[in-house]
Amino acid sequence: MKKHFTTSMIAVAAALSAQTAFAEVKIGAIFDLTGGLNIYGIQQDNALDLAVESLNADGGVLGEQIEVVSYDSQSELSKYTQYANTSVLRDGISAMFAGLTSSSREAIRPIFRRANIPYFYSSLYEGGACDRQTFVTGSSASQQLQPLIEWAIEEYGPRIYIMAPDYNFGTISAHWVNEYAEANGGEVVGEDFLALTVTDYAPTIQKIQQSRPDFVVALPVGANQTGFLEQFAAAGLKDSIGVVSSNYGSGNQQVVVSPEAGEGLIASQGYFMQVENPANAEFVEKWTAKYGDDTPIVSGAVDVWNAVHVWAAAVEEAGSAEPEAVITALESGITFDAPNGTVTMEPGSHHLRQNIYIARGNDHHGFEIVETFEDVAPTYENEMCDLASNPDLVEHFTPETN
């Protein structure tokens, strides 16, 4: 069961709330259903709906049906804080599933920390989020980039150029590229950090030509930066320089990029639709039955699906949906047979240990998996964020400050 609120409905819902009997087990959701980030948010929300529908069909949790109170943040940061506060003060939720960008996560993390409500962040990101109420089911930059850089150096050679957006995702990811390059005998021969508004990549391409790398680590964000891949291919560089990425495909960029630009491009993520296991076959069947098969499923959708099921498993283990009991159960090391393979919630860092897949773009807007790295630990987060020993720790760790 789902209740979906918009801004105009808040006042009416508040007036009715005292007279409305809600189900005992209630969760919240805040995703970008409209606005510039909706290509991600719609799939995240669809995944949450499908997970709840699946759980409720099997009896819900503890014999109770799960109810969802859902909000559209409209891709606006202010809406995240507004709806997060509403969900705590009025809705009486037991858990929250929300956010895509790191800025949205950091805006609402303190709200759920103060309320002591488990908050699930389900998106690939730069890593380092750490507090007792936050649980991350997406892959961190260090999880994705360690196997990717090792693989790419072996495949292409040691010389690396980095093209990345000029904010924390890009700069922190670049740190990990440098670290893993050094660990594997590689060398970063150039870096370019670019504003999301840039559309002409001729200067960057010229720098790449002058640096003569064996491969480029391209971390394009948004429609403008995806244009880099087209311009790189048009410059005739693909035949001599490889391109790898930890976020290409996370928003189905491969669908809009031309086959000429996308074929051969290497992506590293925690999930691709091409993963072969019974759990993924069942998940894809349910997804396509409900939503159709026009658009490939992105990794963020599976991250949300996993988050809901990990939460449900913790509720069952705790014997209660009460937030403190669920947090304690989550810290016991919950394991789930997920579409991307078995995942395990790390008790100390609250990040998932999970498979990382390396895939190669084909000539018809898709991917083919070329290598699987099983059970990859969030090593950096485990080292920096030990909530088992220090439950009062509240931090967003970055490599530059540690």
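Okay, let's start with what I mean by a patch: residues with over 30% relative accessible area and no salt bridge, with like charges joined within 9 Å and nonpolar side chains (Val, Leu, Ile, Met, Phe, Trp, Tyr) joined within 5 Å. A salt bridge here is a side-chain nitrogen of Lys or Arg within 4 Å of a carboxyl oxygen of Asp or Glu. Areas come from Shrake-Rupley with a 1.4 Å probe, and for residues only the protein chains shown count as cover. Asp and Glu count as negative, Lys and Arg as positive, and His and chain ends are not counted. A charge is placed at NZ of Lys, CZ of Arg, CG of Asp or CD of Glu.

Keep in mind that this is a predicted model, where local features need pLDDT of at least 70 and side-chain atom pairs need 80 or more, while totals for chains, interfaces and linings use all residues. Numbering runs from 1 along each chain as its sequence is written, and side-chain values use heavy atoms, leaving out hydrogens and water.

So, the patch. Glu260, Glu263, Asp363 and Glu368 make a negative one on the surface. Glu368 sits in strand β16, residues 367-376; helices (H or I, at least four residues) and strands (E, at least two) are DSSP runs numbered from the N terminus. Glu368 is partly exposed at 47% relative accessible area, where buried is under 20%, exposed is over 50%, and partly exposed is in between (1.4 Å probe, protein chains only).

Now the salt bridges: the count is 16. Which residues pair up at 2.8 Å, N to O? Those are Asp131 and Arg109. Asp131 is in the loop between β6 and β7 and Arg109 is in helix α4, so the pair ties together parts 22 residues apart in sequence. Asp131 is buried at 1%, and Arg109 is buried too, at 4%. Both belong to a salt-bridge network with Arg105, Glu106, Arg113 and Glu126.

Next, Glu155 bridges to Arg360, with the closest N and O atoms 3.8 Å apart. That one links distant parts of the chain, helix α5 and strand β15, 205 residues apart. Glu155 is partly exposed at 43%, and Arg360 is partly exposed at 29%.

Last up, Gln43, in helix α2. Buried or exposed? Buried, at 7%. Beyond its neighbours within four places in sequence, Gln43 has contacts (heavy atoms within 4.5 Å) that include Asn252, Trp287 and Pro296. The C-alpha atoms of Gln43 and Gly251 are 9.4 Å apart, with those positions 208 residues apart along the chain.
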